[in-house]
Amino acid sequence: MRSTKQLHQPIIDQCKNNNSKAQMQLYNLYCKSMFVIAFRYVKDRFIAEDVMQDAFIKAFKNIDKYKNEVAFGAWLKRIVINQSIDQLKKNKLELVSINDEILTKSNDDDWKVDTNISIDGIVNSINNLKEKYRLVLTLYLLEGYDHQEISKILKITETTSRTHLLRGKRLLKEQLKNTSYAEGY
């Protein structure tokens with residue numbers, strides 16, 4: 001059985017030759033999942049659609065730079081995430097760097113939550129956090145980026161990324177605890 005990477009390669013090759021039908025095929029294969037990723041960041045359906053469209057345009061303009069080192073979907077996902085963050089920055093998102101001398105590195109990897117809370121409940125709680133915490137938690141927990149990658153994407157220090165993760169996690173746990181209590185009544 002051929003992998004999706006092998007199945008999509010002929011379409012990608014045709015896109016590199018500026019074939020509009022192939023571009024449409026690739027768009028149709030990935031548009032829904034890329035919309036979900038954009039929406040996860042910008043939290044507005046119309047803006048997410050714009051971000052996704054811009055990301056596809058950027059991907060098609062730069063498709064010659066795609067070298068099959070990663071799956072096409074992963075390459076495109078990175079473009080969508082960067083496009084989403086650029087959109088947030090246009091909207092005056094300010095990620096304020098915190099004084100490094102105040103911070104200590106935390107090895108608090110306890111992510112246990114009440115088993116009655118659904119994944120959707122956790123994602124909804126993340127979406128209710130301040131942008132700086134929401135972005136870092138989303139990149140770290142949902143997208144799987146490490147602090148070095150997050151610092152490059154958001155143009156913040158790794159220490160700030162760790163701090164936002166730690167503080168966001170505390171706020172998230174508090175929200176989930178309150179949700180859990182509220183649902184118990």
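Q: Why is Val123 counted as partly exposed in this predicted model?
A: The relative accessibility of Val123 is 23%. A residue is buried under 20% and exposed over 50%, with partly exposed in between. The value of 23% lies between these two cut-offs, and Val123 is therefore partly exposed.

Q: Where is Val123 found, and what separates its C-alpha atom from that of Leu142?
A: Val123 belongs to helix α5, which covers residues 119-127. The C-alpha atoms of Val123 and Leu142 are 8.9 Å apart, while the two residues are 19 residues apart along the chain.

Q: Why is Gln87 called buried?
A: Gln87 has a relative accessible area of 18%. Buried means under 20%, and 18% falls under that limit, so Gln87 is buried. This residue is found in helix α4. Leaving aside residues up to four places away in sequence, Gln87 touches Val42, Ile47 and Val51.

Q: What makes helices α3 and α4 oblique to each other?
A: Two packed helices are described by the angle between their axes and the distance between the axes. Helix α3 spans residues 45-61 and helix α4 spans residues 72-90; their axes cross at roughly 130° and come within 9 Å. Angles over 145 degrees count as roughly antiparallel and angles of 65 to 115 degrees as roughly perpendicular. An angle of roughly 130° belongs to neither range, and α3 and α4 are therefore oblique. Their crossing is right-handed.

Q: Which residues of α3 and α4 meet, and how many of them are nonpolar, polar and charged?
A: From α3, the residues in contact are Ile47, Val51, Asp54, Ala55, Phe56, Lys58 and Ala59; from α4, they are Trp75, Leu76, Ile79, Val80, Gln83, Ser84 and Gln87. By class, this contact has 9 nonpolar, 3 polar and 2 charged residues.

Q: How do you know that the protein is built from helices without strands?
A: The protein has 8 helices and 0 strands. From the N terminus on, its elements run α-α-α-α-α-α-α-α. Of its 185 residues, 39% are buried.

Q: What is the confidence in the model, and where is it lowest and highest among the helices?
A: The protein averages a pLDDT of 80, and 78% of the residues score at least 70. Confidence is lowest in helix α1, residues 4-16, with a mean of 78, and highest in α3, at 94. Over residues 93-107 the pLDDT is below 50, and this stretch has 22 contacts in the model beyond near neighbours in sequence.

How values were computed:
Residues are numbered from 1 along each chain as its sequence is written. This is a predicted model: local features need pLDDT of at least 70, side-chain atom pairs count only at pLDDT 80 or more; totals for chains, interfaces and linings use all residues. Side-chain values use heavy atoms; hydrogens and water are left out. Axes are lines fitted to C-alpha atoms, for helices over the stretch in contact, and angles run from 0 to 180 degrees between N-to-C directions. Helices (H or I, at least four residues) and strands (E, at least two) are DSSP runs, numbered from the N terminus. Angles under 35 degrees count as roughly parallel, over 145 as roughly antiparallel, 65 to 115 as roughly perpendicular and the rest as oblique. A crossing is left-handed if the near helix is turned anticlockwise from the far one by less than a right angle, and right-handed if clockwise. Contact means heavy atoms within 4.5 Å. Ala, Val, Leu, Ile, Met, Phe, Trp, Tyr, Cys and Pro count as nonpolar, Asp, Glu, Lys and Arg as charged, and the others, Gly among them, as polar. Buried means under 20% relative accessible area, exposed over 50%, partly exposed in between (1.4 Å probe, protein chains only). pLDDT is the predictor's confidence in each residue, from 0 to 100.
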